[in-house]
Amino acid sequence: MVVKVYGPAYASPKRVLLCLVEKEIEFETVPVDLIAGENLNPDFLKLQPFGSLPVIQDGDYTLFESRAIIRYYAEKYKSQGTDLLGKTLEDQGLVNQWLEVEAHNYHPPLNNLVLHIMFSPHFVTRNEQVIKENEEKLAKVLDIYEDRLSKSKYLAGDFFSLADLSHIPFTNYLVGPVGKGYMIKERKHVSAWWDDISSRPSWLKVLEICK
């Protein structure tokens, strides 16, 4: 069965598409316009009762929450395509650790920047104080990343994993339409890491698909 991915225009669904490309899994996309409120249509809410993106349908199986989805496919197809989990339990522990860091430390301030800079006034009213505070929060997280990446090529070690992959779509917003790429570039090891992961053929393919 071809995996059906809803909402490819946005960053969280792109996280899923990126994983599917790395794992060489066939998929198709279904557009969902958040600004038009299509995510609140009754048919969509049957798939995702919270009305957020992404959702996948894989035959009779439906799953939402992007990090849950990428973990699912990385495990289900572990021996196919890129191994995104690591070879040992210790590797996998570090992958999951940095996935949690991305979800709980990196993503929240970055998501606030995205909302207030890219999606105002559709979802929030732009607030310069919120932007300033969240840039400061993200800077502190990136300082920790700079230290980590001075010791290993990727977040979980010397192999590209879900931990790195999960950062790509929203960081692409940061260096692009959010207009704060200097936060990456002014940190030597973070910048080298970003140049590496953002130039992967899988990400370039996702960008091409979602143009």
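What covers the buried residues of helix H3? The answer draws on elements spread along the chain, and the paragraphs below approach it from the overall fold. The model under discussion is a predicted one.

The protein contains 10 helices and four strands. Read from the N terminus, these elements follow the order β-α-β-α-β-β-α-α-α-α-α-α-α-α. The C-alpha atoms occupy a box of roughly 45 × 45 × 25 Å along the principal axes. For 211 residues, a compact globule would be expected to have a radius of gyration near 17 Å, and the protein agrees with this, since its value is 17 Å. Buried residues account for 49% of the 211 residues. Of the contacts between residues at least 6 apart in sequence, 64% join residues at least 24 apart.

Helix H3 spans residues 66–76, and its buried residues are Ser66, Arg67, Ile69, Ile70, Tyr73 and Ala74. Viewed down the axis of H3, these buried residues fall within an arc of 160 degrees, and they therefore line one face of the helix. The cover over the buried residues of H3 includes the strands E1 (3–6), E3 (55–58) and E4 (61–64), together with the helices H1 (11–22), H4 (89–117) and H6 (162–165).

Among these covering elements, H1 can be described in detail. The axes of H1 and H3 come within 9 Å and cross at roughly 5 degrees. An angle under 35 degrees counts as roughly parallel, so H1 and H3 are roughly parallel to each other. On the H1 side, the contact is made by Ser12, Arg15, Val16, Cys19 and Leu20; on the H3 side, it is made by Ser66, Arg67, Ile69, Ile70, Tyr73 and Ala74. Sorted by class, the contact of H1 with H3 comprises seven nonpolar, two polar and two charged residues.

Arg15 of helix H1 merits separate attention. Is Arg15 buried or exposed? Its relative accessible area is 0%, so Arg15 is buried. Apart from neighbours within four places in sequence, Arg15 is in contact with Ser66, Arg67 and Ile70, with Glu102 and His107, and with Leu165, Ser166, Pro169 and Phe170. The last of these partners is 155 residues away along the chain, yet the C-alpha atoms of Arg15 and Phe170 are separated by 8.8 Å.

Leu47 offers a second buried site. Leu47 belongs to helix H2 (residues 42–47), and it is buried because its relative accessible area of 16% falls under the 20% limit. Leaving aside neighbours within four places in sequence, its contacts are Tyr6, Val55, Gln57, Thr62 and Phe64. Phe160 lies 113 residues from Leu47 along the chain, and the C-alpha atoms of these two residues are separated by 31 Å.

Helix H9, which covers residues 188–197, has Val190, Ser191, Trp193, Trp194 and Ile197 as its buried residues. These residues cover an arc of only 165 degrees around the axis, which means that they lie on the same side of H9. The elements covering the buried residues of H9 include H5, H6, H7 (168–175), H8 (182–185) and H10 (201–209). H6 is thus listed in the cover of the buried residues of H9, as it is in that of H3.

Several features of the backbone remain, and they are found in loops. A cis peptide bond, with omega about 0 degrees, joins Leu53 and Pro54; Pro54 is placed in the loop between H2 and E3. The peptide bond from Ser120 to Pro121 is also cis, with omega near 5 degrees, and Pro121 is in the loop between H4 and helix H5 (128–149).

Positive phi values occur at two residues that are not glycine. Glu24 has a phi of about 60 degrees and lies in the loop between H1 and strand E2 (27–30). With a relative accessibility of 59%, Glu24 counts as exposed. Glu65 has a phi of about 80 degrees and is placed in the loop between E4 and H3. At 43% relative accessibility, Glu65 counts as partly exposed.

Key:
Residues are numbered from 1 along each chain as its sequence is written. This is a predicted model: local features need pLDDT of at least 70, side-chain atom pairs count only at pLDDT 80 or more; totals for chains, interfaces and linings use all residues. Side-chain values use heavy atoms; hydrogens and water are left out. Buried means under 20% relative accessible area, exposed over 50%, partly exposed in between (1.4 Å probe, protein chains only). Helices (H or I, at least four residues) and strands (E, at least two) are DSSP runs, numbered from the N terminus. The arc is that of the directions from the helix axis to the C-beta atoms. Contact means heavy atoms within 4.5 Å. Axes are lines fitted to C-alpha atoms, for helices over the stretch in contact, and angles run from 0 to 180 degrees between N-to-C directions. Angles under 35 degrees count as roughly parallel, over 145 as roughly antiparallel, 65 to 115 as roughly perpendicular and the rest as oblique. Ala, Val, Leu, Ile, Met, Phe, Trp, Tyr, Cys and Pro count as nonpolar, Asp, Glu, Lys and Arg as charged, and the others, Gly among them, as polar. The radius of gyration is taken over C-alpha atoms; the globule rule is 2.2 Å times the number of residues to the power 0.38.
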